[in-house]
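Reader: I am new to this kind of picture and would like to learn how to read it. Could we go through a few features together?

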Amino acid sequence: MTGMKVCQMNFKNSFVESLPGLSLNQEVSRQAQQTPGVAYSFVTPEKVSHPSLISWSESAAQLLDLDVVKLDPVEFAQVFSGNHVCAGMKPYAARYGGHQFGHWAGQLGDGRAITLAEVVNSVGQSWEIQLKGAGRTPYSRGADGRAVLRSSLREYVCSEAMYHLGVPTTRALSCVSTGDSVVRDLFYDGNPAPEPGAITTRLAPSFIRFGHFQICAFHSELELMTQLVHYVIDQHFPQFKTLQGEYKYLQWYSHVVETTASLIVDWLRVGFVHGVMNTDNLSIHGLTIDYGPYGWLDVYDPDWTPNTTDAQHRRYRFAAQPAIALWNLAQLGEALGPLLGGFQAVEDILTDYQQSFRDQLLSMMGKKLGFQAKMDQRGIELIEGLDRVLRMTEIDTTIFYRQLAELHGLYSEQGEGAGKKDPKTFLEPLRAAFYAEAPSEPALKALVQWLQDYLSWSQTDGTSVEEKVQMMNQTNPFFIPRNYILQQCIDGVAKGDTAVLNKVMMAIKTPYEDSALTREFFKKRPEWARHKAGCSALSCSS
Ligand code: AMP
Ligand code: MG
């Protein structure tokens with residue numbers, strides 16, 4: 001049954017109606033240009049040849065009160081490819097700047113993202129609808145404004161997977177193929193080639209980034225920055241709306257600091273590496289935003305980054321993410337300095353961040369280890385010890401934590417006689433996580449010793465085996481969309497076969513459940529995927 005029309009949604013355009021922008025002649029507006037003094041430029045999506053729906057997310061559609069069963073995929077693809085702009089939409093590209101890899105990069109802006117409108121749903125939530133890959137804007141800086149199928153699918157699947165994993169994220173409504181090809185130099189080795197193009201439609205309260213404020217500060221546009229801050233608070237942080245003066249801004253900034261800190265704790269919990277934590281890729285809402293060359297720790301290695309463009313310095317490696325978030329928050333604080341009453345106030349807030357981050361991190365690690373009491377000194381030593389032990393041989397992070405939960409049953413069965421049984425028994429459930437056939441003796445010995453210490457410590461929180469296992473399995477995912485799995489989705493879709501994609505889109509919905517759906521993917525990264533492009537590491541090319 002069809003009958004629901006996407007153009008009948010309840011559109012509003014609060015960003016463009018509250019803030020100054022550039023309205024340009026369409027021909028001129030696609031030319032790369034600096035747009036000082038404005039928050040955005042009006043620009044319509046460039047048309048594509050043959051828009052066709054690849055996949056839509058039923059649960060993301062519900063955020064817009066859309067029921068996919070009642071939608072016409074053809075009409076849907078027309079709107080969410082940008083070919084048809086509904087009445088009531090006022091499409092625009094936002095202006096922002098940013099620090100890329102630690103260096104100020106000047107004006108960046110939505111070079112290929114175009115916001116169509118906001119939609120207010122039946123429960124009063126407001127969702128900004130944005131196309132990624134919708135063609136050139138004044139912020140395209142000479143690039144084509146398009147996105148390739150592989151990066152679009154990666155963003156689409158991972159956004160929805162993160163949501164179900166309980167990690168704050170922008171959402172993805174759909175992925176539509178354009179029927180046009182896009183030329184990309186995948187390996188940055190001078191061999192550009194045509195690839196299929198696609199457009200992802202993303203949803204978020206807003207796509208406002210740290211860089212929105214930074215660009216105003218850089219150009220001394222204090223009035224625009226103040227307007228933007230007021231807009232953001234009024235629209236998205238009403239809890240601070242009635243506060244006055246500096247206090248209002250400080251409270252809001254502290255809130256951004258806190259939500260960013262808890263986002264990073266969540267990334268560390270599930271083993272996610274964003275890969276490009278530039279200040280233009282940090283959301284003011286503390287959401288995961290701009291999925292590019294991200295990845296998941298297959299082998300436990302805190303120094304790993306999936307981004308080959310960052311392979312040399314590894315600025316955005318897994319374990320550096322908390323420090324980089326802090327650095328990015330400091331940049332935001334510096335930009336907002338005139339409103340916050342100077343940098344001392346920012347420093348104080350950031351000092352608190354470090355303590356709060358550490359507390360949240362320890363509490364999260366406690367949950368991963370099934371420890372329900374407040375983290376104690378012995379626990380802290382065990383967390384540090386685990387990091388050392390896991391680095392000694394190649395161990396799959398996700399499988400390790402899930403299998404660790406199994407040990408509690410084994411340990412408790414031994415009851416009083418726990419010391420009598422050969423402690424090597426504890427290695428058995430973990431073998432599935434080992435990449436090497438025969439890990440070295442010192443590595444195994446260290447692991448066994450750690451397991452014994454861990455199991456004895458974990459008894460001291462006074463909870464039952466069942467309670468521990470339940471907590472661990474609610475904290476440690478059973479399914480994550482590993483890069484090689486995504487590559488299989490991409491390879492399938494490129495050949496017109498959505499079977500793997502559809503399976504993965506089902507599996508992402510219950511990432512903590514061991515079920516027939518998810519078990520199929522509960523495997524170490526296969527050897528063939530170790531060095532294959534896209535399957536472990538990948539470049540920024542998108
Ligand atoms: P990203 O690394 O994807 O976060 O992008 C960094 C900046 O480059 C943003 O301003 C993007 O809008 C812009 N950008 C990336 N790819 C393209 C493209 N193909 N066309 C135009 N702008 C792009
Ligand atoms: Mg970006």
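Reader: Let's begin with one residue. Where is the place of Phe101?

Author: Happy to help! Please keep in mind that this is a predicted model. To place a residue, look for the helices or strands on either side of it. Phe101 sits in the loop between β6 (97-100) and β7 (103-107).

Reader: What is the phi of Phe101, and is the residue buried or exposed?

Author: Phe101 has a positive phi of about 50°, although it is not a glycine. For burial, under 20% relative accessible area is called buried and over 50% exposed, with partly exposed in between. Phe101 has a relative accessible area of 28%, so it is partly exposed.

Reader: Which loop holds Arg314, and what is its phi?

Author: Arg314 belongs to the loop between β13 (295-296) and α9 (321-340). Its phi is positive, at about 50°, and Arg314 is not a glycine either. With 34% relative accessibility, Arg314 counts as partly exposed.

Reader: Let's turn to helix pairs. At what angle do the axes of helix α5 and helix α15 cross?

Author: With two helices, ask how near their axes come, at what angle they cross, and which residues touch. The axes of α5 (residues 149-165) and α15 (residues 483-494) come within 10 Å and cross at roughly 125°. That angle makes α5 oblique to α15, and the crossing is right-handed. On the α5 side, the contact is made by Leu149, Arg150, Leu153, Arg154 and Val157, while α15 brings Asn483, Leu486, Cys489, Ile490, Val493 and Ala494. Sorted by class, the residues of this contact are eight nonpolar, one polar and two charged.

Reader: How do α5 and α16 lie to each other, and why?

Author: The axes of α5 and helix α16 (residues 499-507) come within 9 Å and cross at roughly 25°. Angles under 35 degrees count as roughly parallel, so α5 and α16 are roughly parallel to each other. Their crossing is right-handed. Leu153, Tyr156, Val157 and Glu160 of α5 meet Leu501, Val504 and Met505 of α16 in the contact. By class, the contact of α5 with α16 has six nonpolar residues, no polar ones and one charged.

Reader: Which residues are the protein donors of the magnesium ion?

Author: For a metal, look for the protein atoms that lie around it. The magnesium ion (ligand 2) has Asn281 (OD1) and Asp290 (OD) as its protein donors, at 1.9 to 2.2 Å. Asn281 is buried, with a relative accessible area of 10%, and Asp290 counts as buried too, at 13%.

Reader: What does Thr518 touch, leaving out residues up to four places away in sequence?

Author: Setting those neighbours aside shows what the fold brings to a residue. Thr518 touches Phe478, Phe479, Ala507, Thr510 and Glu513. Thr518 is in helix α17 (residues 516-519) and counts as buried, at 0% relative accessibility.

Reader: And in which strand is Ser52 found?

Author: Ser52 is in strand β4 (residues 52-56) and is partly exposed, with a relative accessible area of 36%. Leaving aside neighbours within four places in sequence, Ser52 is in contact with Ala77, Val176 and Ser177. You can also try a distance: Ser52 and Gln403 are 351 residues apart in sequence and 42 Å apart in space, C-alpha to C-alpha.

Note on methods: Residues numbered from 1 in each chain as written. Chains lettered and ligands numbered in written order. Predicted model: local features only at pLDDT ≥ 70, side-chain atom pairs only at ≥ 80, totals over all residues. Heavy atoms only, no water. Donors = N, O, S within 2.8 Å, 3.2 Å for Na, K, Ca; no water. Buried < 20%, exposed > 50% of the residue type's maximum accessible area, 1.4 Å probe, protein only. Axes fitted to C-alpha atoms, helices over the stretch in contact; angles between N-to-C directions. Helix = DSSP H or I, 4+ residues; strand = E, 2+ residues; numbered from the N terminus. Parallel < 35°, antiparallel > 145°, perpendicular 65-115°, else oblique. Left-handed = near helix turned anticlockwise from the far one by under 90°. Contact = heavy atoms within 4.5 Å. Nonpolar A, V, L, I, M, F, W, Y, C, P; charged D, E, K, R; others polar.
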